[in-house]
Structure formats: structure tokens, C-alpha cells
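Here are a few worked exercises to try with the structure open. Have a go at each task before reading its solution.

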Amino acid sequence: MSICDSGVGSKVCGRNVLITVPKKHPFIMLCNQLPWEKMLSIILDDLKNSTPSKRWFCGRKLKVRIHLGAYILQQMNNLTDRKTEAAIKENAVYQIFCGQSIVENWHCPDHTKIESFRSRLKPETQEQLANLICQHAVKLGIAVPNDLDVDSTIQEANMTYPTDAKMLRKLSGIASTVSKGIKGLITKSKQKTMDLTVDIKTIASKAKAYFFMPKKTNNTEKSTVLSELWSAVSEPVLRIISACKDISQKAQEKLSWNIKRAIDQLLAHGKSYLASAKIFIETGKAENNKRLSFHVDAVSCFNKKKDHKKYEFGRCIQLGRISGNFMFVKKSENVRMDDKKSFIPIIDEHAKLFGKNKLNSVATDKGYYSKKNVKYLIKKNVKEIGIQVPGNTNDKNITLSDDKSEALRNRRAGIEPLIGHIKQGGQLGRSRMKNDDSVESSAYASVFGFNLRQTMNALIFKEKEKTVML
């Protein structure tokens with residue numbers, strides 16, 4: 001082996017570089033197979049209705065093809081807005097994917113515009129986009145809708161584990177933010193009588209003392225320490241809530257957005273959470289409707305009895321897998337989305353996407369079993385019903401052989417790693433968003449990105465098969 005040290009001591013400079021992108025590049029093949037016109041028809045109403053005064057036909061034109069391409073790349077690669085902008089600027093393939101050669105006056109969108117475009121799409125719209133790609137995969141011949149596997153998963157909200165110590169500490173922080181924001185709105189005479197100070201250091205030390213208590217500490221000592229923390233938080237919080245009520249609405253409107261948000265959170269949840277925390281301290285039992293987060297409303301506690309994670313806090317998402325490993329998602333009717341009650345809507349969603357009388361077999365776990373669900377599949381002429389039956393239950397309507405039942409159980413188990421891939425490649429596992437609609441949207445966008453990756457992989461495999469045949 002010989003060694004060449006050419007260019008080691010030289011400086012580089014910017015220059016034009018010609019990059020050739022082949023027609024059979026995976027992103028180019030995917031771009032040419034996507035239903036762009038249908039995607040445009042799905043998002044068009046959202047774009048029109050989210051324009052100020054709905055005057056979407058005025059002003060500078062929004063180049064939808066560029067932004068839709070950027071949105072697709074973002075969901076496929078799970079990128080932030082800034083990373084999406086940087087990737088498009090630096091990657092020639094991404095530029096072509098976003099319409100560099102077909103859009104007049106093409107430009108790379110700024111990260112703020114990427115965020116604005118995504119935010120204009122409703123959760124229902126992003127669900128339709130995810131299901132459209134699954135539907136389109138059937139038309140391309142890379143998926144078959146005859147076999148269906150159903151499962152649910154928990155999308156965790158962007159929040160910490162809601163212990164009382166953390167929540168009380170958070171509430172004191174919100175109260176401190178409000179007190180600093182409204183100081184200028186209170187007259188000097190009232191400021192003398194009103195004490196708006198929040199001793200954050202004392203509260204933080206009490207919260208820390210509770211958090212780091214030894215595991216063997218008895219419940220009486222724990223409740224005593226937590227009661228002291230509650231007293232330290234409740235006094236200033238109640239004073240600041242009272243001060244906020246004395247400030248006029250017009251004065252509050254002049255405040256910055258973060259102060260207004262903090263005031264809304266404090267007035268809406270401050271007193272009710274303090275009352276719930278007090279009940280837990282006195283009785284040791286939490287109320288069913290106890291607040292789990294101050295910034296997210298659509299969140300619930302789930303216990304799926306997993307070894308590594310006992311409790312999960314977020315929303316339930318119902319998923320269906322068809323042959324070819326493509327997934328469709330059912331729009332969330334509520335946060336918990338009970339498995340038994342969600343089963344029939346999922347079957348109806350399958351019929352809506354792929355047509356009636358297409359199902360040959362359906363497989364689920366025990367959580368979806370009910371006689372009503374089994375009878376509904378019989379009514380739909382499903383030949384192989386693979387709903388797993390709980391122990392000590394005998395359902396005469398399920399007449400599969402042991403071998404066939406085991407085959408369907410094994411097939412259904414295949415949906416678990418696919419859900420893992422969706423979580424790993426998107427925000428279905430834990431959302432980065434901070435409001436309910438955005439959190440729900442990010443779950444559907446994760447399924448959308450997964451189906452796009454599956455489509456590209458299937459197109460690559462088809463191209464390799466053609467090459468081998470030749």
C-alpha cells in the first residue's frame with residue numbers, strides 16, 4: 001500500500017459542484033409513486049381555513065409542493081424543523097424530492113415556515129394522510145388488505161412522572177412566573193398589602209427532601225413531609241390566584257403570551273389541584289379525576305403491566321396492520337380508547353379504506369374479546385376469527401383448529417416489532433409536542449412516516465427483483 005498526502009495542508013473554498021441523482025434513487029422512485037394530487041386534496045381545506053380571515057387567495061403564494069415534500073421528509077426521518085431545513089439545503093436528493101426541478105422559483109423553506117405548515121394541518125387531516133399511504137400501497141400491489149391484525153399502544157405525553165412533589169413544585173414555579181408578570185399591573189398601595197413573593201428555594205428544598213427519602217420510610221413520615229411541602233406551596237399560590245382575579249381582562253391582554261398562559265393554568269387548575277393533593281395526603285388515595293399535568297389536558301394513566309414500565313401517562317392509539325406490513329390508524333374518539341369498544345370502529349375503518357367484504361382473517365389479543373365483537377366479524381363474513389379468548393371462556397362461535405389459532409396468534413405477534421419501529425422512527429413513543437392537538441397529530445404523523453419508509457423499501461425490493469430477473 002502506498003500513501004498519498006495530497007491536500008493535507010491545503011485550505012478548501014466554496015465552489016459549484018455538479019451532483020448527478022440517478023432515476024433509480026430510492027427517494028426519486030418514492031417521489032414518482034406518491035399520490036401528490038390526493039394528498040393536496042386532503043390538506044387543501046386546512047390550508048384555506050387556517051389563513052387569516054380565510055382570504056387564502058390573497059398575498060404571497062404558498063408553494064404547497066415544496067412544503068408537502070419537506071413535511072414528508074421530516075416525518076420519514078423524524079427531524080426537527082431546523083434539521084429539516086438544514087437537510088434540504090445540503091442534500092441534492094431532498095431538493096429534487098421537494099420539487100426543485102418542477103416548481104417555479106423554487107426555494108428552501110425556512111424552519112419557521114416548515115413549523116407553520118405542519119401546525120396548520122388538523123389531527124384528522126394527518127390521520128387521513130397516514131391511512132392514504134396504506135391505501136395507496138394496496139393499489140401499488142405491495143400490500144394486501146385481506147388479513148388484519150389489531151393492537152393498541154400508548155403514546156406518552158411530553159410531561160414528567162406526575163408525583164405530588166413534582167406537581168406542587170411545578171405549581172409554585174407557575175405562580176412565581178405569574179407574580180413577576182403582574183407586578184406592574186398592581187398599584188403601589190395594593191402591593192404593600194399583597195404579598196406576591198414565592199419562596200422557590202424553600203419549596204424546592206422541601207420537594208427534594210421528599211423525593212430523596214429512604215425507601216423504607218413509613219407512610220406517616222412521608223405524609224408529614226408532603227404536608228409541609230403542600231403548606232409551603234398553597235399559601236403563596238392562593239394569594240396570587242386572588243391577585244389575578246383583581247386584574248382587569250384588558251390589562252391581562254397586554255401581557256406576553258407566556259405570562260397569559262401561566263395565568264390561565266393557575267386560575268384553571270391551581271385550586272383544584274391543591275384540593276386533590278390535600279385529599280391524597282390525608283387519605284393516601286388519589287381521586288379518579290386528579291390532574292396529571294398543567295399544560296396537557298388529554299392525558300390518562302395506563303397500566304399495561306410491563307416489567308420495565310408499570311405506569312404510562314398519555315393517550316391510547318389503535319392500529320391495524322395489513323399484509324405487507326403497512327399500518328393504518330383509527331382516529332381517537334377519547335384518550336383511553338378502550339380495546340373492546342374500539343374494535344368495531346377499526347373494522348369499519350378497514351372497510352372504508354379498502355372496501356367491503358375484503359377481510360378473510362382478523363387476529364387480536366385477549367383485550368379485544370367480547371361476544372359482540374365476534375358476532376360482528378361473523379356478520380361481516382370473516383372466515384378466520386383469531387380474537388384470543390381469555391382463560392375459562394368458551395366461545396362456540398370461534399371454530400378454528402388449534403394449529404390455525406396458533407398460526408394467527410403468531411401472526412398477530414408480528415405487529416409488536418412494527419409498533420416498535422414506528423415509535424423509534426417518530427413520536428408515537430413519546431411526543432415532543434406541548435398541546436393536545438399537536439400530541440395527537442404527532443402520533444398520526446409517525447404512522448405516516450412509517451408507511452412512507454415501508455413504501456420506499458418495497459419499491460427498492462421490487463427494483464432489485466427486476467435487476468435479478470434481467
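Is D147 buried, partly exposed or exposed? Before the solution, some ground rules: this is a predicted model, where local features need pLDDT of at least 70, side-chain atom pairs count only at pLDDT 80 or more, and totals for chains, interfaces and linings use all residues. Residues are numbered from 1 along each chain as its sequence is written, and side-chain values use heavy atoms, with hydrogens and water left out.

**Exercise 1: D147 and its partner**

Solution. Start with the cut-offs: buried means under 20% relative accessible area, exposed over 50%, and partly exposed in between (1.4 Å probe, protein chains only). D147 has 25% relative accessibility, so D147 counts as partly exposed.

Next, look for a salt bridge, meaning a side-chain nitrogen of Lys or Arg within 4 Å of a carboxyl oxygen of Asp or Glu. D147 makes one with R411, at 3.7 Å from N to O. This pair ties together distant parts of the chain, with D147 in strand β1 and R411 in helix α16 (residues 402-413), 264 residues apart. R411 is partly exposed too, at 22%.

**Exercise 2: Place strand β1 among its neighbours**

Solution. Helices (H or I, at least four residues) and strands (E, at least two) are DSSP runs, numbered from the N terminus. Strand β1 covers residues 144-156, and 10 of its 13 residues are buried, so β1 is largely enclosed by the rest of the structure.

Now find who pairs with it; two strands pair if DSSP finds at least two bridges between them. β1 runs antiparallel to strand β3 (residues 312-323), with 10 bridges joining them. One of the pairings puts I154 opposite C316 in β3. With strand β5 (residues 361-364), β1 runs parallel and has three bridges. Here D147 turns up again, with S361 as its bridge partner in β5.

**Exercise 3: Follow the chain from β3 into β4**

Solution. β3 and β4 make a hairpin with two residues between them, and G324 in the turn has a positive phi of about 105°. The two strands run antiparallel, joined by five bridges. Q318, for instance, has K330 as its bridge partner in β4.

Then check burial. Five of the five residues of β4 (residues 326-330) are buried, so β4 is largely enclosed by the rest of the structure. Both faces are covered, with F326, F328 and K330 on one side and M327 and V329 on the other.

**Exercise 4: Compare the two ends of a salt bridge in one helix**

Solution. The model has 14 salt bridges. Pick K89 with E85, whose closest N and O atoms are 3.0 Å apart. Both sit in helix α4 (residues 81-90), four residues apart, about one turn of the helix. K89 is exposed at 52%, whereas E85 is buried at 12%.

**Exercise 5: Describe how α8 packs on α13**

Solution. Two packed helices are described by the angle and the distance between their axes. Axes are lines fitted to C-alpha atoms, for helices over the stretch in contact, and angles run from 0 to 180 degrees between N-to-C directions. The axes of α8 (residues 164-182) and α13 (residues 257-283) come within 9 Å and cross at roughly 145°.

Finally, list the contacts, meaning heavy atoms within 4.5 Å. Among the residues that meet are L168, L171 and V178 from α8, and I263, L266 and Y273 from α13.
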